[in-house]
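Okay, thanks for coming, everyone. Let me put the structure up and then walk you through a few spots in it.

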Amino acid sequence: MSANDAPRAQQPSAAYDSAFLKACRREPVPHTPVWFMRQAGRSLPEYRKVREGTAMLESCMRPELVTEITLQPVRRHGVDAAIYFSDIVVPLKAIGIDLDIKPGIGPVVEHPIRTRADLAQLRDLTPEDVSYVTEAIGLLTRELGATPLIGFAGAPFTLASYLVEGGPSRTYENAKAMMYGDPELWADLLDRLADITAAFLKVQIEAGASAVQLFDSWAGALAPVDYRRSVLPASAKVFEAVAGYGVPRIHFGVGTGELLGLMGEAGADVVGVDWRVPMDEAARRIGPGKALQGNLDPTVLFAPTEAVEAKTREVLASAQDLEGHIFNLGHGVMPSTDPDALTRLVEHVHALTAR
Ligand code: CP3
């Protein structure tokens with residue numbers, strides 16, 4: 001089977017009736033489902049222990065290790081969904097891009113893409129390139145039973161930001177220079193990344209992921225007019241490519257208050273909201289027909305329990321009239337977060353919303 005075959009609707013999985021998937025479909029839920037971006041990772045001592053001595057990208061290619069790391073927060077916190085442990089640059093590494101994840105820095109690309117000739121670094125992704133993903137998801141779905149597994153990928157813009165800059169950036173000056181200065185090259189780059197991303201999400205869905213999230217973490221750097229013209233078409237292509245499976249598609253970015261409507265328009269079923277816009281206002285910006293995910297500021301977890309609970313009630317109050325709400329943080333769990341604060345948060349959301 002090729003990743004480019006037309007998608008078939010997925011067979012309902014054991015997780016079909018979970019609170020998380022119901023909320024994604026905007027159906028009534030027994031309680032508001034909760035999961036956390038970056039729930040699997042450095043905040044957990046058991047994660048640091050199993051990762052010891054293994055580089056980040058190497059860990060992503062070991063199915064047993066990926067399975068263990070993905071399950072850790074499910075066991076510990078009782079979250080309503082697991083998220084596949086990987087990184088957004090894994091599919092790029094898999095097609096042969098020379099890159100590494102440097103501790104304390106993030107993804108670093110050896111030969112940044114700046115010219116048309118550099119585009120030759122990008123080839124199509126096949127399921128064989130990421131056979132370890134298929135294997136790990138097979139192991140995981142068996143272990144998870146009725147708990148849904150979220151697959152994910154980086155969106156074309158966020159991937160391009162690393163590929164063009166050569167690493168993390170605060171200004172995206174090279175990426176934006178290409179976007180404004182050579183719109184045709186930019187469009188071709190994003191279009192290729194859309195195909196790679198779509199193929200990678202298809203692998204995860206075919207292997208058993210019951211939802212997918214597209215991380216456009218850095219899209220908030222863009223003005224709406226530029227997002228619509230130069231980024232939305234590529235993200236829309238990704239969502240369209242996986243629409244036929246019938247699994248919920250989540251679209252998330254940081255600092256995207258001004259882009260929420262457009263991010264919904266790109267085709268997702270669920271729109272992720274960071275902490276800067278209250279959920280009811282986000283729903284007005286996005287319009288009807290979508291579930292929303294979010295949006296406790298991850299730094300709130302460093303405050304005393306009573307303060308966390310007060311902010312949690314605030315989020316739930318602003319989300320009470322939504323068509324569907326998945327509780328999450330407005331961005332990932334910070335590495336120094338007390339894991340017990342996360343466990344308490346899950347319990348608190350469940351208790352407050354039990355119907
Ligand atoms: O706890 C951990 O963060 C452990 C492992 C790790 C991941 N990525 C897992 C990951 C590490 C060290 C990285 C490197 C990396 N890659 C960084 C962080 C640099 C640092 O040391 O702080 C960054 C920023 C990237 C690029 C990246 N990866 C982005 C922009 C995203 C999208 C999500 C986001 O945070 O905005 C990712 C996805 C990612 N990397 C996930 C995981 C487990 C995704 C899924 C999830 O939410 O769990």
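**A walk through the model**

Let's start with Ser18, which is buried, at a relative accessible area of 11%. Buried here means under 20% relative accessible area, exposed means over 50%, and partly exposed is in between, using a 1.4 Å probe and protein chains only. Before I go on, this is a predicted model, so local features need pLDDT of at least 70 and side-chain atom pairs count only at pLDDT 80 or more, while totals for chains, interfaces and linings use all residues. Residues are numbered from 1 along each chain as its sequence is written, and side-chain values use heavy atoms, with hydrogens and water left out.

Back to Ser18: you'll find it in the segment before α1, which covers 19-24. When I say helix or strand, I mean DSSP runs numbered from the N terminus: H or I with at least four residues for helices, E with at least two for strands. What does Ser18 touch, not counting residues up to four places away in sequence? Ala146 and Pro148. Contact, by the way, means heavy atoms within 4.5 Å.

Next, two residues in strands. Phe152 sits in strand β4, residues 149-154, and at 7% relative accessibility Phe152 counts as buried. Leaving aside neighbours within four places in sequence, Phe152 is in contact with Ile83, Tyr84, Ser86, Asp87, Ile88, Phe200, Leu201, Gln204, Gln213 and Phe215. Take Leu201 from that list: it is 49 residues from Phe152 along the chain, yet their C-alpha atoms are separated by 6.6 Å.

The other strand residue is Ile250, in β6, residues 249-252. Ile250 is buried too, with a relative accessible area of 0%. Its C-alpha is 9.0 Å from that of Phe152, with the two positions 98 residues apart along the chain. Again setting aside residues up to four places away, Ile250 touches Phe20, Val212, Gln213, Leu214, Phe239, Ala268, Val270 and Gln293.

Now the helices, and α9 in particular. This one has 25 residues and reaches 36 Å from its first C-alpha to its last, close to the 36 Å expected at 1.5 Å a residue. That expected span is 1.5 Å times one less than the number of residues. Just after α9, Gly208 takes a positive phi of about 130°.

What packs on α9? Helix α6, residues 131-144, does, at an angle of about 35° with the axes 8 Å apart. Axes are lines fitted to C-alpha atoms, for helices over the stretch in contact, and angles run from 0 to 180 degrees between N-to-C directions. The crossing of α6 and α9 is right-handed; that's the term when the near helix is turned clockwise from the far one by less than a right angle, and anticlockwise would be left-handed. On the α6 side we have Val133, Thr134, Ile137, Gly138 and Thr141, meeting Phe200, Val203, Gln204 and Ala207 in α9. By class, that contact has five nonpolar, four polar and no charged residues. For the classes, Ala, Val, Leu, Ile, Met, Phe, Trp, Tyr, Cys and Pro count as nonpolar, Asp, Glu, Lys and Arg as charged, and the others, Gly among them, as polar.

Helix α7, residues 156-165, also packs with α9, at an angle of about 115° and with the axes 9 Å apart. Pro156, Phe157, Leu159, Ala160, Leu163 and Val164 of α7 make this contact with Trp186, Leu189, Leu190, Leu193, Ala194 and Thr197 of α9. Those residues divide into 11 nonpolar, one polar and no charged.

Last topic, salt bridges. How many does a search of the whole structure find? The total is 17, taking a salt bridge as a side-chain nitrogen of Lys or Arg within 4 Å of a carboxyl oxygen of Asp or Glu.

One of them pairs Glu46 with Arg76, with the closest N and O atoms 2.8 Å apart. Glu46 lies in helix α2 (residues 45-51) and Arg76 in helix α4 (residues 63-77), so this pair ties together parts that are 30 residues apart in sequence. Arg76 also meets Asp340 in a salt bridge, 3.9 Å from N to O. Asp340 is in helix α15 (residues 339-353), so this second pair links parts 264 residues apart in sequence. Through the shared partner, Glu46, Arg76 and Asp340 join into one network. Glu46 is partly exposed at 23%, Arg76 at 29% and Asp340 at 40%.
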